Amino acid sequence: MTLRPELSQPAEPYSPPTKTVPQHAEPGRVPASYRALAAGLNLIGQVSPDLSARLLQALWFRPVHGRPGKRTQAFWQSADRRHPLITDTDGVDLHFWGKRDAPMILGVHGWRGTGAQFRYLVPGLIEAGYQVCLFDMPAHGMNRTRFTHVFEFMQVLLSIQAELGQPAGVIAHSLGCQAVIQAVSKGFKPGHLAFIAPGFNMDAMLDRFSQSVGLSATVHQRFKARLGTQSISISEAWVGTRETLYQRLSHQVVRQHLNHPGLLVADDQDEEILWQDFETITDYWPQAETSFSSGLGHYRILKDETVQHRVAAYFSRHR
């Protein structure tokens, strides 16, 4: 199907693609350190592609992130209250804004993200009558751990529900949306959903990442095959299925569990998620309202005022 915008606020004129064009946006920019690492791996790969694949796999579950800046630290310090959450593997600091007895909305960031990315949404959600709970997932942002995967994200959500009860809603971005679905498959009950640039196709996302950092075709293929084989044991340990990450983190699995009311927010210039993946989501998530834009990309969409108003309006109507 062809997606069309349904924005609640005025937006720039928008002309949706007349056909699915996976290359409509260039792959996203990545830190210079990632490109330098890829260049080194390509060099090693000319001699031993298997060694490059092993090295890259060892780093894959250790997302690189810098020290949070002063504005980010100030945002976390502005929270009305904090609550330490102890999970099966580590701890996560939950930060809350809004009245303690108000319905709770969780913000779930994606890979190499941070809960602080949702800071622009907090005022509107509080005004709509909610309290907002944000946090940095393991190995991200202010969190001190360095190894993680999406199933650990899943476990954090399940632990929050077990300790604080079912949230009234969840706002998630990128791979954080996939973590929500994995948690739903294990009993998480998120209420209403707002998925922003959801990453439901791990296979395509990995291809996109390799392209953005400049991995050679040989290193990429060896790494992708090795990661698929090695990830089976992770899936088996955490969700009880012998599947590769490409099989488990896929539209096929998402469509089995995504039957909640919600809002799908996406941009046709997303650098990390292909437009055709957003089209696919609308095919199996008919319960969702849609809000599409042009030119915001994968990350700036979280800062856009129109998106902020749209998300706040959606949850306000379902208070």
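**Entry 1. The chain as a whole**

I began with burial and found that buried residues account for 57% of the 319 residues in the protein chain. I note here that the model is a predicted one. I then listed the secondary structure and obtained 12 helices and eight strands for the protein chain. I also looked up how far apart in sequence the contacting residues lie. Of the contacts between residues at least 6 apart in sequence, 74% join residues at least 24 apart.

**Entry 2. Helix H8**

I checked the length of H8, which covers residues 217-239. Its 23 residues, at 1.5 Å a residue, should span 33 Å, and I found the end C-alpha atoms 31 Å apart, which agrees. I looked for a bend and located one of about 30° at Ser 231. Ser 231 is itself among the buried residues of H8. The others that I recorded as buried are Val 219, His 220, Phe 223, Lys 224, Leu 227, Gly 228, Ile 232, Ile 234, Ser 235 and Val 239.

Which elements cover the buried residues of H8? I found that the cover includes helix H1 (32-45), helix H2 (49-60), helix H5 (150-164), helix H6 (175-184), helix H7 (202-213) and helix H9 (245-248). Just after H8, I noted a positive phi of about 80° at Gly 240.

**Entry 3. The packing of H7 on H8**

I next examined H7 against H8. The two helices pack at an angle of about 145°, and their axes are 11 Å apart. The crossing of H7 past H8 is right-handed. From H7, the contact is made by Asp 203, Leu 206, Asp 207 and Ser 210. From H8, it is made by His 220, Phe 223, Lys 224 and Leu 227. I sorted this contact by class and recorded three nonpolar, two polar and three charged residues. The four contributors from H8 also appear in my list of buried residues of that helix.

**Entry 4. Helix H6**

How many of the residues of H6 are buried? I counted 10 of its 10 residues as buried, and H6 is thus recorded as mostly covered. The buried residues include Leu 175, Gly 176, Cys 177 and Gln 178. Val 184 is also in the buried set of H6, and I return to it in Entry 6.

**Entry 5. Positive phi outside glycine**

I searched for positive phi values in residues other than glycine. Ala 139 has a phi near 65° and lies in the loop between strand S4 (131-134) and H5. Is Ala 139 buried or exposed? I found it buried, with a relative accessible area of 0%.

Ser 174 has a phi near 55°. Its place is the loop between strand S5 (169-173) and H6. Ser 174 is buried as well, at a relative accessible area of 5%.

**Entry 6. Two further loop residues**

I located His 260 in the loop between helix H10 (251-257) and strand S7 (262-267). With a relative accessible area of 13%, His 260 falls under the 20% limit and therefore counts as buried. Leaving aside residues up to four places away in sequence, His 260 touches Val 184, Pro 190, Gly 191, Leu 193, Trp 285 and Gln 287.

Finally, I looked up Ser 294, in the loop between strand S8 (288-293) and helix H12 (305-317). Ser 294 is partly exposed, with a relative accessible area of 38%. Its C-alpha atom is separated by 6.1 Å from that of Gln 269, and the two residues are 25 residues apart along the chain.

Technical notes. Residues numbered from 1 in each chain as written. Predicted model: local features only at pLDDT ≥ 70, side-chain atom pairs only at ≥ 80, totals over all residues. Heavy atoms only, no water. Expected span 1.5 Å × (residues − 1). Bend = angle between axes of the 7 residues up to and from the residue. Buried < 20%, exposed > 50% of the residue type's maximum accessible area, 1.4 Å probe, protein only. Contact = heavy atoms within 4.5 Å. Axes fitted to C-alpha atoms, helices over the stretch in contact; angles between N-to-C directions. Left-handed = near helix turned anticlockwise from the far one by under 90°. Nonpolar A, V, L, I, M, F, W, Y, C, P; charged D, E, K, R; others polar.
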